[in-house]
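Dear colleague,

I am passing on a structure for your files, and it is shown just below. My notes on what was found in it follow directly after.

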Amino acid sequence: MSETALEQIDYRQYLRLDMMPHILCPGCGHGIVLKALLRAVHRLGLKQEDVVFVSGIGCSSRIVGYVDFCTLHTTHGRPLTFATGLKLARPELTVIVITGDGDGLAIGGNHLIHAARRNVDLTCLLLNNATYGMTGGQGAPTTPEGMRSSIMPDGAIEPAFDACRLALGAGASFVARGLTAQPLQLDDLIVQAVQHRGFSFLEVLSDCPEFFGRYNELGRGPEMLQAQRRNVQWLGAALAEKKFVPGLAPETPHGGAAPAFNAGILHREERPDLGALLAERAAAAAPRSGRQETAAAASATPSATAAPWAPPLRIRLAGAGGQGIVMAGLLLAEAAVAAGRNATHAQAYGPESRGGASKAEVIISDGDIDFPCADRVDALVALTREAYERYASLLEPGGTLVVDRDQVHVEDGNGFACHALPITATAQRVLGTAMGANLVALGAVVALTGAVPVEAAERAVTARRPGGSVERALAAFRAGLALASS
């Protein structure tokens with residue numbers, strides 16, 4: 001895009017004007033970042049509906065509320081986790097995360113290093129103002145040693161994070177640092193970060209005159225911007241073989257050059273991103289003739305008969321901790337995916353390793369699944385009395401209920417098809433232990449609902465080897481099939 005076109009940019013087209021005026025403090029550097037970000041998007045010619053901004057909690061996250069793009073405001077420290085799921089589900093979107101030094105390096109530090117390690121194809125802008133500005137100026141992971149905050153009036157004694165070194169060590173394939181004191185160079189860094197395929201990490205040194213500047217007598221916004229050029233020695237040791245943003249090494253009063261701060265593109269490499277690797281593995285695992293072959297095989301299998309209700313099919317398995325409820329749900333979901341359908345698997349269980357409540361919820365559909373949990377279910381498997389009493393009211397009229405008859409007594413006339421089967425007793429008979437009751441229940445629900453083809457379920461069981469023995473696991477599963485058919 002030409003410089004003339006850039007000069008004529010109307011920023012209002014990219015802003016939610018009903019959110020104006022903004023509530024950033026006077027002199028805050030985050031507004032400079034917002035303007036640079038909009039210029040970068042304009043230069044790239046990206047459509048607003050194809051760009052998603054994701055933020056967490058903090059002053060930096062307010063930026064996302066002002067831009068007229070697709071936006072996602074998430075919980076504290078978790079924007080990268082939401083952004084990862086979004087990018088994997090919608091790889092065609094341009095996903096940009098706006099986070100701060102507290103949101104991204106303290107509570108969200110673990111998510112940052114794993115997003116970098118995985119090389120997720122998204123751009124992360126970490127706005128570093130060296131303080132928790134939104135909550136009163138407390139010390140942050142990036143507060144330099146000796147600098148004061150509201151909780152350290154005598155100055156910080158801990159060393160500050162070097163965010164770029166952290167991202168580089170974790171495996172980010174693009175690492176850069178920019179300054180709010182150099183907004184035009186910041187444009188260029190954002191453009192290159194967005195264009196890079198893989199995890200792009202861009203730390204932006206911003207300023208907080210309201211707290212960090214006031215506590216440390218650094219002046220207001222203009223003085224702090226000038227300080228970014230002059231007083232850079234506390235901002236981290238230089239990295240080897242880096243490119244520098246021009247204009248960061250002004251002459252000293254003695255005629256020599258001041259030490260240049262390590263800004264600009266610090267690292268760039270080309271390697272496959274997570275989405276590409278997952279797509280490659282999925283393609284390698286798919287049957288050679290595609291889903292049509294799978295669908296034809298499923299239609300020829302009696303157990304794969306379509307369920308009497310329209311998809312999505314919602315199944316909840318519930319019982320006690322130690323019964324393998326979560327594993328049964330996972331096997332069911334994996335079998336559905338292997339059969340060419342969409343599936344989600346959600347789980348919940350208590351803190352006890354044995355005896356506490358446990359449940360798994362599986363949704364199977366030929367179309368998109370918007371949410372992995374359901375208020376109502378089409379089939380319920382209850383292996384304990386407590387599970388039945390808690391979840392029976394969620395079963396749709398005409399739905400399928402499977403219970404362990406030795407544990408659950410069900411009254412007649414309840415409006416759904418009830419199958420009281422000796423599930424635990426069958427596991428004891430076939431395996432000599434009750435530990436395989438989950439696989440017996442899985443076989444029963446597959447036979448009664450036709451949720452997945454039997455062959456797909458057996459492949460999932462074989463791949464997972466629950467209990468460590470494929471033969472014993474398949475024996476329990478097939479006993480459940482026979483139990484239901486009888």
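Tyr-215 counts as partly exposed because its relative accessibility is 25%, where partly exposed lies between buried, under 20% relative accessible area, and exposed, over 50% (1.4 Å probe, protein chains only). Its partner Phe-211 is buried, with a relative accessible area of 17%. The two ring centres lie 6.0 Å apart with the planes at 50 degrees, so this pair is tilted; rings of Phe, Tyr and Trp (its six-membered ring) pair if their centres lie within 6.5 Å, and planes under 30 degrees apart count as stacked, over 60 as edge-to-face and the rest as tilted. Both residues belong to helix 9 (residues 209-215) and sit 4 residues apart, about one turn of the helix; helices (H or I, at least four residues) and strands (E, at least two) are DSSP runs, numbered from the N terminus.

Please keep in mind that this is a predicted model, in which local features need pLDDT of at least 70 and side-chain atom pairs count only at pLDDT 80 or more, while totals for chains, interfaces and linings use all residues. Residues are numbered from 1 along each chain as its sequence is written, and side-chain values use heavy atoms, with hydrogens and water left out.

A search of the whole structure finds 3 aromatic pairs. In one of them, Tyr-14 and Phe-69 have ring centres 5.7 Å apart and planes at 10 degrees, so the pair is stacked. This pair links distant parts of the chain, since Tyr-14 is in the loop between helix 1 (3-7) and helix 2 (30-44), whereas Phe-69 is in the loop between helix 3 (62-66) and strand 2 (70-73), 55 residues apart. Tyr-14 counts as buried at 6% relative accessibility, and Phe-69 counts as buried at 6% as well. Tyr-14, Phe-53 and Phe-69 form one aromatic cluster.

Turning to the interior, the largest nonpolar core has 45 residues, and those with the most contacts inside it are Ile-315, Leu-332, Ile-364, Ile-423, Leu-442, Val-446 and Val-452; such a core is a set of buried Ala, Val, Leu, Ile, Met, Phe, Trp, Tyr and Cys residues joined through side-chain atoms within 4.5 Å. Among the elements that give two or more residues to this core are strand 10 (313-320), helix 13 (325-338), strand 12 (357-365) and helix 16 (437-449). Not counting residues up to four places away in sequence, Leu-332 touches Ile-315, Val-362, Ile-364, Leu-442, Val-446, Ala-451 and Val-452, where contact means heavy atoms within 4.5 Å. A second, separate core of 31 residues includes Ala-36, Ile-96, Leu-127 and Phe-174.

Helix 16 is largely enclosed by the rest of the structure, because 11 of its 13 residues are buried, including Leu-439, Leu-442, Val-446 and Thr-449. Just after helix 16, Gly-450 takes a positive phi of about 65 degrees.

Finally, Thr-344 in strand 11 (residues 342-349) counts as buried at 18% relative accessibility, and, leaving aside its neighbours within four places in sequence, Thr-344 is in contact with Ala-333, Glu-361, Val-362, Ile-363, Ile-369 and Pro-372. Glu-334, which has its place in helix 13, counts as partly exposed at 27%, and Glu-334 touches Ala-460 and Arg-464, again not counting residues up to four places away in sequence. Glu-334 and Thr-344 are 10 residues apart in sequence and 8.9 Å apart in space, C-alpha to C-alpha.

With best wishes
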